[in-house]
Amino acid sequence: MSIWTRIAAALSALTKGEPLSVVFDRLMGAGAPEQSVGFTIAVLALGAKMAKADGEVTRDEVTAFRRIFMLPPEEEAHAARVFNLARQDVAGFDAYATKIARLFNPEGRKICADSHSVLIDILEGLFTVALADGTYHDHEDAFLAHVAGIFGLDEPCFRAVRARLVEGAPRDPYDVLGIPHTATTDEARAAWRALVKDSHPDRMIARGVPPEALQLAERRLMLVNAAWKEIETRQAA
């Protein structure tokens, strides 16, 4: 049974009039399915809050979900239903973001760019949704920065994710690796190796990223490798 089929079954309570935020709590609470379900609901719920308030799910948005979760055609209806329900729910995006943060970062610690977590994976998924229409707006940047803050992700971490995913965004190689400009070659190499290691499919699945979303690591790895090469070249000159 696919993750989408399982989510659709869990959302059957919505036909009885329960708001999505209540069903969301049930899915994310004690005894809930594994974190891959939480990851999917998180991306959809926050992605819906970031989307336009009116209209139906656009083809671009569904395409973005397909890129993240490799949706087979028969599952698109489940994704669209969850997305539309999240968009209509009264709970604000900050409420969803706070619930997610408590699940994956219960101690509220600061998460840096060089220490990967499922919260960074979720932020990358949201960036993918934001970029679905081919543009990146100021209000989307503010939204994502706010979500990152709720998650406990520090400013360098947010800049690193944005640099890896947004074409035309400032792409300082040190930001991409999540290290200060004063870092030595050895420190840069260590940060690069850690990010490559954390992007391995086994590591990503272990921290709750569903197999459907593993391709999120592809662009990250490409830019992480490019950043390391640029720093290595600079410091060797």
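## Burial and the predicted model

A residue counts as buried when its relative accessible area is under 20%. Phe143 has a relative accessibility of 10%, and it therefore counts as buried. The structure discussed here is a predicted model.

Val118 provides a second case: its relative accessible area is 5%, so this residue is buried as well. Val118 is located in helix H7. Its C-alpha atom is separated by 9.5 Å from that of Ile205, although the two residues are 87 residues apart along the chain.

## Overall architecture

The chain contains 13 helices and zero strands. Read along the sequence, its pattern is accordingly written α-α-α-α-α-α-α-α-α-α-α-α-α.

The chain has 237 residues, and 49% of them count as buried. About 11,000 Å² of the chain is exposed, and carbon and sulfur atoms supply 55% of this area. Among the contacts in the chain with a separation of 6 or more, 74% are between residues 24 or more positions apart.

## Aromatic pairs

Four aromatic pairs are present in the structure. One of them joins Phe93 and Phe143, whose rings lie 4.4 Å centre to centre with 40° between the planes, a tilted arrangement. Phe93 belongs to helix H6 (residues 93-104) and Phe143 to helix H8 (residues 138-151), so this pair ties together parts that are 50 residues apart in sequence.

In another pair, the ring centres of Phe127 and Phe158 are 5.9 Å apart and the planes meet at 40°; the pair is tilted because this angle is neither under 30 degrees, as in stacked rings, nor over 60, as in edge-to-face rings. Phe127 lies in helix H7 (residues 118-130) and Phe158 in helix H9 (residues 155-165), so the pair ties together parts that are 31 residues apart in sequence. Both Phe127 and Phe158 are buried. Together with Tyr136, Phe127 and Phe158 form one aromatic cluster.

## The nonpolar cores

The largest nonpolar core comprises 48 residues, of which Phe39, Ile122, Leu144, Phe151 and Leu153 touch the most other members. Two or more residues of this core come from each of the following elements: helix H3 (35-50), helix H4 (59-69), helix H5 (76-88), H6, H7, H8, H9 and helix H13 (216-236). Apart from this core lies another, of 13 residues, which include Leu177, Ile179, Ala191 and Ile231.

The surroundings of Phe151 can be listed individually. Leaving aside residues up to four places away in sequence, Phe151 touches Leu46, Ala97, Ile100, Ala101, Asn105, Ile111, Leu119 and Ile122.

## Helix H13 and its two sides

Helix H13 consists of 21 residues and reaches 31 Å from its first C-alpha to its last, which is close to the 30 Å expected at 1.5 Å a residue. Its buried residues are Leu216, Ala217, Arg220, Leu223, Val224, Ala227, Trp228 and Ile231. These residues cover an arc of only 145° around the axis, which puts them on the same side of H13.

Which residues are exposed on the other side of H13? They are Glu218, Lys229, Thr233 and Ala236. Ile231, one of the buried residues of H13, is also among the residues of the 13-residue core.

Technical notes. Residues numbered from 1 in each chain as written. Predicted model: local features only at pLDDT ≥ 70, side-chain atom pairs only at ≥ 80, totals over all residues. Heavy atoms only, no water. Phe/Tyr/Trp six-rings, centres within 6.5 Å; stacked < 30°, edge-to-face > 60°. Helix = DSSP H or I, 4+ residues; strand = E, 2+ residues; numbered from the N terminus. Buried < 20%, exposed > 50% of the residue type's maximum accessible area, 1.4 Å probe, protein only. Contact = heavy atoms within 4.5 Å. Areas by Shrake-Rupley, 256 points an atom, 1.4 Å probe, with all protein chains shown as cover. Core = buried A, V, L, I, M, F, W, Y, C linked by side-chain atoms within 4.5 Å. Expected span 1.5 Å × (residues − 1). Arc of directions from axis to C-beta.
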